[in-house]
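Biologist: Could you take me through the terms you use and show how each one is earned? I would like to see the values set against the definitions.

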Amino acid sequence: MTSRINKYISYAILTCGAAAAAALNYANLHHDSLTRRRLDGSNENSLATPKIIQTYSLWEPQLISKTLLEWAGRYPDFVRVTTAQDAFGLPRAGSSNDCPYDLGGDGCLNFIVTMQDFVKHPENSESSNRLPEVLWSGEVHGNEQVGPTAVLEAAQVMLDAAECESLPRTSMKESIRDWKDELEAARKCRQNWSDRGYLDYDLKWLARLLSTRRIVFVPTANALGYFRKVREEGNIDPNRDFPYDLRDPTLCMQTIAGRTLNEVFRSHMFQLSLTFHGGMEVIGYEWGAPSWTKPNMSPDDAAQSEIAAAYSRYGGGFAQSKPYEYGNMNDLVYPVRGGMEDFAYAGSWDTDRMLQCEPTTFGGYPKEKTVYGPSTLRVFNMLVESSNDKIPSQSTLGTSENLLRRSASDGTKGNGYVSRNIRLSLLAAEFVEPYVAFTSVNELELSDDVVPLMRPEGRSCQITSAVKVPFNSRKVVLNWHVGGALTIDETRLWYAKWDDVPLELLDCLSQPSFDDLQRYFREGKLLTDARGTTRFSKDGSAGQPFAGSIDISEGFGPNDKLVVLAIARVDQNWGSQIEQANPSLPPQSHIVNARTNSSWYHESAGKIIQGRLDWFSGPLTVMLGEFEDLQADQTVDTIEISNRFGANGGTAERQSQNYLVWTLFSVVVIGAVLLSARALRHKMRQSRRDRIRETIDVPSTMPSMKQNYSPVNGNGQYYDAAGGITGELELGEYA
């Protein structure tokens, strides 16, 4: 035994440096980074290295028009750009002296941008019609100029993250050369993310948001006012131009800004919206109309106050500004008639205060355009008064340093008026729908979450997130987290054989009901509390992953494929009727009922919102391998399988991103741990894995990956990442 141990020690010392070099080369792929295209349009097919820290400046109107048109060509799978003039036939506001960069006529164009994953969710498809929708309105008052920059920068960071996380897109089966080129591009963009201080979780989070939601933004609804740097459009205030709580039908829909936003609301069914203003520093919600001054609480006050508080926390403060104060608009701001906020919230259910508009400006506007069904206007459209100065100085706008961190105590040195409102915009996209995601299996961190630009079909999601464990394992331990919510009321774990679940119940596009779970699945065992809070809750230490285990000791054998689902119920306190609500009604918004009322169903403009109580993770596949776990301890050999790095006829193993850390650690401390039993056991387990790997086929098409090593759990245990694991699996992604 002693000679055998000495052999392992000598081998470790001689090869540790080589292993570290191999780790450095491969682990770069797992670093965070950002793919940036050149804004001048040159070299559009190459990746440009971004600046490490970006100092924000307010976007000039000509830059907005130029950049949006460039995005349409640069991100065709993520972006659609149009104008109110092209989409809805609206006239332009202004004269030949206004917005001269907007060609094709006199006056200003009103741009409308839609971001979604058009590959995963093709336009007019069932999955696209069910995407949760968010609206960002950059401004309606032209001299309040923080908002347009904030939403444009938020859009840019999401687009760059999704593009980076989608790489590589080509499989080895299609083209080895293209696959290798895209693999190198993936490594570079992730490294760029890391250089800018982002975490791997940040990249995946931003990509998930863009790939699982529809975000519509109107950077400058009052494009004329933004160009002239004045509040009104002409001589009319656009935020008094909506048909709620008004008395004269000729005094609404007079502006192109108001009509633009009206057409956008009519074309969608938003759950959350932000409308940016300036002149104060508050976050306001209903009520904000004179008819509702006593009492001020809306039927949705519980959810509105919690979400506004989360916005304030995540936005944080800085030297020139404390965190946002929040509350109802009648108290914090002032009551207004014809405001966009109350119109968007109550227009579909408080119909007694709605008018059919009959304006005379711009040749009039069809009266039927201000008739709304019961589904269109049930939006949390929160007012963000972004800064005391309507056009603040550049020194107060902030930088991209630690952009996604929660507050100054977390190191947000670059916080400013733009930085924190980028975060508010992203948080609106986060909150619009709950989600559940697996993070690790047997302490092996999973490499992918939601991969953009992958179209799920049939049961292709069997391989999107998949691991292989020895067939004689007694249990598998899993971790997951819950997002898109604040309070987690309950979470549970379920598993079954893929072959035992009918295709129509789990086809990578649909999800089973709770009754189906009980019929076809077994329930796993929770290892943590079933309740909790998310990372955006009031408790800053919250958001830790849940843990559970599945028992595979009986009823399963080699080559079985198991499907594992985690589910959660969230924010159930939002659904209770508030005693002081005015009017005395239960919650009326889509966002509350969509997660607390399973009978809630609305359809408008081809979009669908179906209420539900249980929110499911994407399926995780656990494959029982033909190899055994040879050591009788709690360690389980776990190998991650990835369809993005596989070869034809098999799939390749992805390394845990902790590999570099463990390898470099062993270089530093190898001399100090020569007598450590744990270190000796680690080397012996590595040898055991080598014997296990001898039973697994390695595709000859992947020689470059045969020398990689990876840890399989938090104890730093490694396996030889020698290429594919044989299987009949298809490329795909769970929506």
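## Terms put to the test

Modeller: Let's start with Pro295, which lies in the loop between β6 and α10. The model is predicted, so local features need pLDDT of at least 70 and side-chain atom pairs pLDDT 80 or more, while totals for chains, interfaces and linings use all residues. Residues are numbered from 1 along each chain as its sequence is written, and side-chain values use heavy atoms, without hydrogens and water.

Biologist: What joins Lys294 and Pro295?

Modeller: A cis peptide bond, with omega about -15°. The bond from Asn582 to Pro583 is cis too, its omega near 5°.

Biologist: What makes β6 a strand?

Modeller: Strands are DSSP runs of E with at least two residues, helices are runs of H or I with at least four, and both are numbered from the N terminus. Strand β6 covers residues 282–285, therefore it meets the strand cut-off.

Biologist: How do you know that β6 and β7 pair?

Modeller: Pairing requires at least two DSSP bridges between the strands. β6 and β7 (residues 325–328) have 4 bridges in the parallel sense, so they qualify. Val282 stands opposite Glu325 in β7. With β8 (residues 380–385), β6 shares 3 bridges and runs antiparallel; there Ile283 stands opposite Val384.

Biologist: Which hand does the unit of β6, α10 and β7 have?

Modeller: This β-α-β unit, with α10 at residues 301–315, is right-handed. The word applies because, with the strands pointing away from the viewer, the path from the first strand over the helix to the second runs clockwise.

Biologist: Why is Met253 called buried or exposed?

Modeller: Buried means under 20% relative accessible area, exposed over 50% and partly exposed in between (1.4 Å probe, protein chains only). Met253 has 0%, so it is buried. Its phi is positive, about 55°, although Met253 is not a glycine.

Biologist: And what is the accessibility of Ala605?

Modeller: Ala605 has 42%, so it counts as partly exposed. Ala605 also has a positive phi, near 55°, and sits in the loop between β19 (601–604) and β20 (607–610).

Biologist: Which residues of α7 and α13 are in contact?

Modeller: Contact means heavy atoms within 4.5 Å. Trp205, Leu206 and Leu209 in α7 meet Leu426, Ala429 and Glu430 in α13. That gives 5 nonpolar, no polar and 1 charged, where Ala, Val, Leu, Ile, Met, Phe, Trp, Tyr, Cys and Pro count as nonpolar, Asp, Glu, Lys and Arg as charged, and the others, Gly among them, as polar.
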